[in-house]
Amino acid sequence: MMIKLKNDQQAFSLVEILVYIFITAMLLVSISSLLLANFNIRKQLKTSDLVYNNARFIINKLNNEIHNVTVFDDLRPNSEQILFYPNTGNSFAFEVENNNLIYKEIEEAGGESSLEYILNSEQVEVQEIIFTPIDDWQTNENKGVFINFTLSTGHPDDVYRYLSENFQTFIAIR
């Protein structure tokens with residue numbers, strides 16, 4: 001028995017296969033670069049969201065506590081500490097310790113801290129906080145405080161997960 005082969009069968013030529021492989025490779029590279037860019041943008045957004053949410057919480061806490069004080073003591077040259085005295089009798093202060101912003105409520109009698117808690121999350125570091133007392137145009141003291149602080153997260157070598165931002169606010173005292 002003899003088997004007969006057809007010579008008129010159609011197949012792809014080498015050039016057509018190479019063009020197909022090239023176009024497919026270009027599409028895969030484009031799609032993978034878009035996916036990678038998307039992942040990197042998500043990392044950056046999560047990082048900035050973390051820092052800005054911490055800043056928002058810190059500013060709200062500062063505003064709520066400082067806005068109702070009657071007087072404060074400027075302990076310069078240490079610009080990181082000002083003792084604030086609300087109507088309750090106890091004073092409070094904000095200090096940076098180990099890259100954490102700590103709220104300290106100080107009892108009037110003993111001068112010791114009765115209540116302390118950290119205002120920033122574990123992932124965010126407070127680099128510095130500077131309180132600058134502001135007087136009014138008639139040189140009346142204790143009219144407000146200008147606050148400048150820096151928050152950062154991540155390591156500077158990680159381009160997508162590192163962020164360091166400076167925040168400023170002014171809080172008037174009633």
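These legends go with a set of close-up views of a predicted model.

**View 1. The whole chain: one helix, then strands.** The protein chain has one helix and eight strands. Reading from the N terminus, the order is α-β-β-β-β-β-β-β-β, with helix 1 covering residues 14-66. The chain is 174 residues long, and 29% of them count as buried. About 12,200 Å² of the chain is exposed, and carbon and sulfur atoms supply 55% of that area. Looking at contacts with a separation of 6 or more, 47% are between residues 24 or more positions apart.

**View 2. The largest nonpolar core.** In soluble globular proteins, nonpolar side chains tend to be buried together. Here, the largest nonpolar core takes in 26 residues. If you want to find your way around, start with Leu-62, Ile-66, Phe-84, Phe-94 and Phe-131, which have the most contacts inside the core. At least two core residues each come from helix 1, strand 1 (69-74), strand 2 (82-86), strand 3 (91-97), strand 4 (100-106), strand 6 (124-134), strand 7 (144-153) and strand 8 (163-172). Helix 1 chips in the most, with five residues.

**View 3. Ile-66 and its contacts.** This view picks out one of the core residues with the most contacts inside the core, Ile-66. Setting aside neighbours within four places in sequence, Ile-66 touches three phenylalanines you can label as Phe-84, Phe-92 and Phe-94, along with Phe-131, Val-145, Ile-147, Ile-171 and Ile-173.**View 4. The largest pocket.** This pocket has a volume of about 150 Å³. Its lining is made up of Phe-39, Arg-42, Lys-43, Lys-46, Thr-47, Leu-50, Gln-123, Thr-153, Gly-154 and Arg-161. Helix 1 gives the largest share of that lining, six residues. Sorted by type, the lining residues come out as two nonpolar, four polar and four charged.

**View 5. Asn-90, in a loop between strands.** Look for Asn-90 in the loop that joins strand 2 and strand 3. Is Asn-90 buried or exposed? Neither, quite: its relative accessible area is 25%, so Asn-90 counts as partly exposed, given that buried means under 20% and exposed over 50%. Glu-105 sits 15 residues away from Asn-90 in sequence, with 7.0 Å between their C-alpha atoms. Glu-105 is also among the contacts of Asn-90 beyond four places in sequence, which include Phe-84, Tyr-85, Ile-106, Glu-107 and Glu-108 as well.

How values were computed:
Residues numbered from 1 in each chain as written. Predicted model: local features only at pLDDT ≥ 70, side-chain atom pairs only at ≥ 80, totals over all residues. Heavy atoms only, no water. Helix = DSSP H or I, 4+ residues; strand = E, 2+ residues; numbered from the N terminus. Buried < 20%, exposed > 50% of the residue type's maximum accessible area, 1.4 Å probe, protein only. Contact = heavy atoms within 4.5 Å. Areas by Shrake-Rupley, 256 points an atom, 1.4 Å probe, with all protein chains shown as cover. 1 Å grid on protein atoms, 1.4 Å probe; cavity = no way out; pocket = protein on both sides within 12 Å on 5 of 7 lines; lining within 4 Å. Points joined across faces, edges and corners; volume = space filled by probe spheres on them. Nonpolar A, V, L, I, M, F, W, Y, C, P; charged D, E, K, R; others polar. Core = buried A, V, L, I, M, F, W, Y, C linked by side-chain atoms within 4.5 Å.
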